[in-house]
Amino acid sequence: MTRLASPGAAVAPRSKLSLYLDLIRWNRPAGWLVLVWPTLAALWMAAEGFPGWHLLLVFVAGTVLMRSAGCTINDIADRDFDRHVKRTTQRPITSGQVSVKEAALVGLVLTLVAFALVLTTRWEAVAWSVPAVLFTILYPFTKRFFAMPQAFLGIAFNFGIVIAFAAVTGEVGWTAWTLWLANMFLVLAYDTEYAMVDRDDDLKIGMKTSAITLGRCDVPAIMGFFVLCLGLTVWAVLPQGLGWPFWLGLGVAAAQVLWHYTLIKDRTREGCFVAFSKSHYIGMSLFAGIALGFALR
């Protein structure tokens, strides 16, 4: 007969590797996928097609590493808040399974590896990577005082677009900044969906989020952010003449925006979390349209 553990039985300790992977959200790839697709779209736009394996590997690996480092910084900053939020009570730092010193060391190592990758590209890309790191460090603290910290997050997330253009061309022109602004609105959209999941908990602990600031205008605002993202993307890409592949990708992205509305319109935790977790498919659709458009042009 199988013996059942008593309710008070001790939980088997987890390995350090398991805890570190949990710390950097290794089992939640949606967090880096929302970053990698816009970055790759910028890389293809800057190179006017396939940028080469070196840059592709640098930017994919760099994106994953910096997102992972950002998670460690965020959890260090929010360790006293996370224990009051239902979704985050068991994160490694706030639950006491990983120390702040350990987490900081993990974040530092990941950042240094990402920086080493950028060093293999142009000096302009290296220069832009410095403010990227600073904004990544500062973002978690904006939730204490800034009414729309998601906008600050957008700035931090969008450096991949700027660095991509700098790495390919040595310049950051109007196309790069238009894509940067388009992705800013995309970040505002999906991260407000994410903030809607924790709105009740954030109100209790005094955290600032766009979901709280927008109030009952949250759903219309998210839809507006999505529309602005798609419109600005068209403006940036249209001069390239990518034809039907781009329009197909845009259409698929637009269809997903309509699906997001059905998920968030009732403001349920479950619906909003699904919307956020699937939001990277919008960026993937736009990238696929751009990449295929260049391949067939």
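**Exercise 1. Work out what length helix α6 should span, and compare that with the model.**

Step 1. Helix α6 covers residues 123-142, which makes 20 residues. Helices here are DSSP runs (H or I, at least four residues), numbered from the N terminus.

Step 2. The expected span of a helix is 1.5 Å times one less than its number of residues. For α6 this rule gives 28 Å.

Step 3. In the model, the end C-alpha atoms of α6 are 30 Å apart, which agrees with the expected span.

A word on the ground rules: this is a predicted model, in which local features need pLDDT of at least 70 and side-chain atom pairs count only at pLDDT 80 or more, while totals for chains, interfaces and linings use all residues. Residues are numbered from 1 along each chain as its sequence is written, and side-chain values use heavy atoms, with hydrogens and water left out.

**Exercise 2. Find which residues of α6 are buried and what covers them.**

Step 1. Apply the cut-offs: buried means under 20% relative accessible area, exposed over 50%, and partly exposed in between (1.4 Å probe, protein chains only).

Step 2. The buried residues of α6 are Glu124, Ala125, Val126, Ser129, Ala132, Thr136, Tyr139, Pro140 and Thr142.

Step 3. Their cover includes α3 (53-77), α5 (100-118), α7 (149-157), α8 (159-169) and α9 (174-197).

**Exercise 3. Decide whether α8 is largely enclosed or largely open.**

Step 1. Count the buried positions: nine of the 11 residues of α8 are buried, so the helix is largely enclosed by the rest of the structure.

Step 2. Name them: Phe159, Gly160, Ile161, Val162, Ile163, Ala164, Phe165, Ala166 and Ala167.

Step 3. Look for the cover, which includes α2 (30-47), α3, α6, α7 and α9.

Step 4. Check what follows the helix: just after α8, glycine 170 takes a positive phi of about 80°.

**Exercise 4. Trace the salt bridges around aspartate 218.**

Step 1. Set the criterion: a salt bridge is a side-chain nitrogen of Lys or Arg within 4 Å of a carboxyl oxygen of Asp or Glu. The structure holds six of them.

Step 2. Take arginine 199 and aspartate 218, which form a salt bridge with the closest N and O atoms 2.7 Å apart. This pair links distant parts of the chain: arginine 199 belongs to helix α10 (residues 199-205) and aspartate 218 to helix α12 (residues 218-237), 19 residues apart. Both are buried.

Step 3. Turn to the other partner: aspartate 218 also bridges to arginine 267, with the closest N and O atoms 2.8 Å apart. Arginine 267 sits in the loop between α13 (244-264) and α14 (269-277), while aspartate 218 lies in α12, so the pair ties together parts that are 49 residues apart in sequence.

Step 4. Put the pieces together: Arg199, Asp218 and Arg267 are linked in a network of salt bridges. Aspartate 218 has a relative accessible area of 0%.

Step 5. Try another bridge: lysine 265 pairs with aspartate 266, the closest N and O atoms being 3.4 Å apart. Lysine 265 is partly exposed, at 36% relative accessibility, and aspartate 266 is exposed, at 54%.

**Exercise 5. Describe the surroundings of asparagine 183 and serine 285.**

Step 1. Locate asparagine 183: it is found in helix α9 and counts as buried, at 6% relative accessibility.

Step 2. List its contacts (heavy atoms within 4.5 Å). Leaving aside neighbours within four places in sequence, asparagine 183 touches Pro38, Asn158 and Ile161.

Step 3. Look at side-chain pairing: the side chains of asparagine 183 and asparagine 158 make a polar contact at 2.6 Å. A polar contact is a pair of N or O atoms within 3.5 Å; within protein, one must be able to donate a hydrogen and the other to accept it, and residues adjacent in sequence count only if both atoms are side-chain atoms.

Step 4. Do likewise for serine 285, which is found in helix α15 (residues 280-296) and is buried at 7% relative accessibility. A polar atom of the serine 285 side chain lies 2.8 Å from the backbone oxygen of tyrosine 281. Beyond neighbours within four places in sequence, serine 285 is in contact with Gly249, Val252, Ala253 and Gln256.

Key: Helices (H or I, at least four residues) and strands (E, at least two) are DSSP runs, numbered from the N terminus.
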